[in-house]
Amino acid sequence: MLTSKKDEIQQRLNAILQRLSGITFVPENWNEALFWETIEESGFTQDEILNIDEKLLFQKFLEAEWPWKQVESFADILIGLEQKQPNEKLKSRAKNLYQFILNESKMFSFQIMTKMSKL
């Protein structure tokens, strides 16, 4: 069975996001260095996540053709990291990613709105 390049990208991103979730949400497995190394596999650096201009970050997601669901998962993971290591930049970045999804996907999501209201 042939898979398209888009399917391969989605599968790779899903695998990375799944690993990040495990690193973030399981307290006894928490490893910040491993977290950032895994983030780099997704095409982003720690500096980009924390410091790059918001519009440039959003553009990078668009250029990499990340599906909205995976961008949402990425924001969820940033919230998980923020809970381990409080950082207002992470919380703000996640909230802005949620808003970016709502704006760019042109769909309304109660789930995303609920996540945003909890921040």
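**Exercise 1. Classify E72 and list its contacts.**

Solution. E72 is buried, with a relative accessible area of 6%. Buried means under 20% relative accessible area, exposed over 50%, partly exposed in between (1.4 Å probe, protein chains only). The model is predicted: local features need pLDDT of at least 70, side-chain atom pairs count only at pLDDT 80 or more, and totals for chains, interfaces and linings use all residues. Numbering starts from 1 along each chain as its sequence is written, and side-chain values use heavy atoms, without hydrogens and water.

Next, place the residue. E72 sits in helix α5. Helices here are DSSP runs (H or I, at least four residues), numbered from the N terminus.

Then list the partners. Leaving out residues up to four places away in sequence, E72 touches Y98, I101, Q111, I112 and K115. Contact means heavy atoms within 4.5 Å.

**Exercise 2. Trace those partners to the buried residues of α6 and α7.**

Solution. Start with α6, residues 88-105. Its buried residues are L90, R93, A94, L97, Y98, F100, I101, L102 and S105. They pack against α2 (32-41), α3 (46-51), α4 (54-63), α5 (68-84) and α7 (110-118).

Now take α7. I112, K115 and M116 are its buried residues. They cover an arc of only 100° around the axis, so they lie on the same side of α7. The arc is that of the directions from the helix axis to the C-beta atoms. The general rule: an α-helix has 3.6 residues a turn, so residues three or four places apart point the same way. On the other side of α7, F110, S117 and K118 are exposed. The cover over the buried residues of α7 includes α5 and α6.

**Exercise 3. Check the length and the ends of α6.**

Solution. Count first: α6 has 18 residues. The expected span is 1.5 Å times one less than the number of residues. For α6 that is 26 Å, and the distance from first C-alpha to last is 25 Å, close to expectation.

At the start, a side-chain oxygen of N87 comes to within 2.8 Å of the backbone nitrogen of K89. Just after α6, K106 has a positive phi of about 60°.

**Exercise 4. Is E48 buried or exposed, and what does E48 touch?**

Solution. E48 belongs to helix α3. E48 is buried, at a relative accessible area of 17%. A polar atom of the E48 side chain lies 2.8 Å from the backbone nitrogen of T45. Not counting residues up to four places away in sequence, E48 touches G43, L57, K60 and R93. Of these, R93 is among the buried residues of α6.

Technical notes
Helix = DSSP H or I, 4+ residues; strand = E, 2+ residues; numbered from the N terminus. Polar contact = N/O pair within 3.5 Å; in protein donor to acceptor, adjacent residues only side chain to side chain.
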